[in-house]
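Here's a quick briefing to read alongside the model. Have the viewer open and follow along.

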Amino acid sequence: MTPLAPLLSVRGLTAIYRGQRGVVRAVEDVSFSVGLGEIFGIVGESGSGKSTVARAILRLLPAPPAEITEGEVRFGDTVDSVDLLKLSAAEMRRIRGAQIGMVFQDPQKALNPVLPIGAQIGEGLRAGATFASSIGRSAAAFKSSSRTRTRR
Ligand SMILES: Nc1ncnc2c1ncn2[C@@H]1O[C@H](COP(=O)(O)OP(=O)(O)OP(=O)(O)O)[C@@H](O)[C@H]1O
Ligand SMILES: [Mg+2]
């Protein structure tokens, strides 16, 4: 049996940040592959570029100041795999949230205590068209459950 191609294959990924004090080469020539069902961890000291790699894969780097200068991110274990870095923003929105996603670090700081949880959880998913209607319903359910809790 021919082994499956990796689900995710990052090749030669290089990303920089252009700042007032010059260019930070945050990620330089990073390559790795992740197979279907495989759990893969990246470990490194603070500032070594872990989040930059993850955000680059999901096309969530803020540009400017960030720029992916080299590399490819092949996603999909079939012959139809795509280079995520070459997709249009609209194509990427269809894949992000539906087939590939990210749990951001420090969720306690990422969540805003003055906004309803449903609105916050639904925000990222509403941005992706695929789940829009079901997430709208989930957000409504969260909203009504948080109202119930506040009334108690
Ligand atoms: N918006 C930005 N502008 C300029 N430089 C940045 C920006 N974001 C990150 N960097 C720089 O890029 C490098 C990699 O940062 P990154 O956040 O990817 O590291 P990390 O491994 O995720 O760190 P941590 O473990 O603290 O989360 C660091 O030198 C950081 O200062
Ligand atoms: Mg990080």
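How many residues surround ligand 1, and which are the closest? In this predicted model, the count is 15, and Tyr-17, Ala-26, Ser-46, Ser-51 and Thr-52 are the closest. The rest of this briefing covers what that shell is made of, how the sheet is put together, and how far to trust each part.

**Around the ligand**
- Three elements each give two or more residues to the shell around ligand 1: strand S1 (8-19), strand S2 (22-34) and helix H1 (50-57).
- Helix H1 is the top contributor to that shell, with 3 residues.
- If you sort the shell by class, you get 9 polar, 5 nonpolar and 1 charged residues.
- Tyr-17, one of the closest residues to ligand 1, also has a place in the sheet, standing opposite Val-24 in S2.

**The sheet as a whole**
- There are 4 strands in an open sheet, and reading across you go S2-S1-S3-S4, with antiparallel pairing.
- S2 and S4 sit at the edges with a single partner strand each, so one side of each has no neighbour in the sheet.

**Strand by strand**
- S1 and S2 are antiparallel partners over 9 bridges, and the hairpin that joins S1 to S2 runs through 2 residues.
- On to S1 and S3: here the antiparallel pairing covers 8 bridges, and Ala-15 has Ile-68 in S3 as its bridge partner.
- S3 also pairs with strand S4 (residues 82-83), again in the antiparallel sense, over 2 bridges.
- Two residue pairs to look up for S3 and S4: Phe-75 has Val-82 in S4 as its bridge partner, while Arg-74 stands opposite Asp-83 in S4.
- S3 and S4 make a hairpin too, with 6 residues between them. Look for Gly-76 in that turn, where phi is positive at about 115°.

**How far to trust it**
- The protein chain has an average pLDDT of 84, and 78% of the residues score at least 70.
- Where is confidence highest and where is it lowest in the protein chain? Strand S3 (residues 66-75) takes the top spot at 98, while helix H5 (residues 132-151) is at the bottom with a mean of 56.
- That puts the highest confidence in S3, a strand that pairs with S1 over 8 bridges and with S4 over 2 bridges.

Terms used. Residues are numbered from 1 along each chain as its sequence is written. Chains are lettered from A and ligands numbered from 1 in the order in which they are written. This is a predicted model: local features need pLDDT of at least 70, side-chain atom pairs count only at pLDDT 80 or more; totals for chains, interfaces and linings use all residues. pLDDT is the predictor's confidence in each residue, from 0 to 100. A residue is near a molecule or strand if its C-beta atom, placed from the backbone, lies within 6 Å of it. Ala, Val, Leu, Ile, Met, Phe, Trp, Tyr, Cys and Pro count as nonpolar, Asp, Glu, Lys and Arg as charged, and the others, Gly among them, as polar. Two strands pair if DSSP finds at least two bridges between them.
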